[in-house]
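Work through the exercises below with the structure in view. Each task is followed by a worked solution.

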Amino acid sequence: MNVGIVGGGQLARMLALAGYPLNLRFQVLDPAADACAGQVATLLRGDYDTEARLEQLAEWAEVVTFDFENVPATAALALERQVVVYPPPGALAVAQDRVSEKTLFWELGIPTSTFATVSSLEELRGAVIRVELPAVLKTRRLGYDGKGQRILRAPEDVEPAWRALGGVPLILESFVPFEREVSVLAARSRDGATAFYPLVENHHRDGILRLSRAPCPVPELEREGWDYARRLLTRLNYVGLLAIEFFVKDGRLIANEMAPRVHNSGHWTIEGAETSQFENHLRAILGLPLGSTKAIGHSAMLNCIGELPDLAAVLAVPGAHCHAYGKSPRSGRKVGHITLRADETETLAAGLQRLLPLVGFSPDGFGVG
């Protein structure tokens, strides 16, 4: 079977690697000549809205999916007229606009932060009064890994934030003083069958995910998260892997954002679950039976930002696995990740104490010292 992927980054790369044992073939569409998925799949170089390239991909593929959500809506709709596309373009459209996303959360009874739309400095000043400070000003579209946002803690922060971000549609969200960050990964197949991975605890630094640990043993939060995910999957008639990031405050979940694709916080599933998120996404979009999402012991995932650590030092840690993305080193760039799996939490913590310094962090800063 032929699978087309719009976007040729590391997520597309890992989808292809997960699909080859299933006898799948891949083409990826990306504007970059050095797109890292092009090392393991056929690369169609072109902009995401290039009509000829979209037609070429649609003619070859039996199903098309995405490795990021900011595909132009016109491109997703053009593909859908020619070939089966999952996740559905409607889900992409919701995830591309933070106001649409927050509105859907409210409609489905999923708690989220208070928010207001902003298109001028005057509107921002009014929104600050309604939402109250502290608050976070974000671009409605694009923006990831902490980009496209500013925290407003005092009235004097308003104008500098507007100068930094103004000129595009914005959203002001109330700041959530969270106790921890978690994510839910869910898969839904063409026939409506669903599967949910264990709750994942996440740690960010400078707006970038640095460490994920799973399973996060809080059954009541896990059940709550699975329920919210089920509501989204059903409303969106979703097919594929869906990730939802939550804040935890006062023992309850507050939805931050969703991603209609495989997700960074699910990389631990490659070695840490019976079926990885990548394989289950492919199973879902192809109408194949979903695989077990059961965790195998305890797992952690560390992102490698800027450059890869010494390979020998990583592999000297029992249970550690290194995943390089085939990217050249660059400040702030995700160039790979490390997964760690152990049968006991104490063994996992001991491994993290050795691995965290290799990616530039002290174990004490992540509660594993």
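The exercises concern the sheets of this predicted model and the helices that pack on them.

**Exercise 1.** Find the order of the strands in the open sheet with parallel pairing, and name its edge strands.

Solution. Start with the order: the five strands of this open sheet are arranged 3-2-1-4-5. Next, look for strands that pair on one side only; these are strand 3 (42-45) and strand 5 (84-85), the edge strands. Then turn to strand 1 (residues 2-6) and strand 4 (residues 63-66), which run parallel and are joined by four bridges. Within this pair, Val-3 has Val-63 of strand 4 as its bridge partner.

**Exercise 2.** Determine which strands of the parallel sheet are touched by helix 2 and which by helix 10.

Solution. Take helix 2 (residues 51-60): its contacts are with strand 1, strand 2 (25-30), strand 3 and strand 4. The direction of helix 2 makes about 170° with that of strand 2. Now take helix 10 (residues 277-286), which touches strand 1, strand 2 and strand 4. Its angle with the direction of strand 4 is about 140°.

**Exercise 3.** Describe the antiparallel sheet and the helix that packs on it.

Solution. Begin with the order of the four strands, 6-9-7-8, in an open sheet. Strand 6 (115-118) and strand 8 (149-152) are the edges, each pairing on one side only. From one strand to the next, the twist averages 20°. Strand 7 (residues 135-139) pairs with strand 8 over four bridges, and Lys-138 stands opposite Gln-149 in strand 8. Finally, helix 6 (residues 121-131) touches strand 6, strand 7, strand 8 and strand 9 (170-174). The direction of helix 6 makes about 175° with that of strand 6.

Note on methods:
Residues are numbered from 1 along each chain as its sequence is written. This is a predicted model: local features need pLDDT of at least 70, side-chain atom pairs count only at pLDDT 80 or more; totals for chains, interfaces and linings use all residues. Side-chain values use heavy atoms; hydrogens and water are left out. Two strands pair if DSSP finds at least two bridges between them. Helices (H or I, at least four residues) and strands (E, at least two) are DSSP runs, numbered from the N terminus. Axes are lines fitted to C-alpha atoms, for helices over the stretch in contact, and angles run from 0 to 180 degrees between N-to-C directions. Contact means heavy atoms within 4.5 Å.
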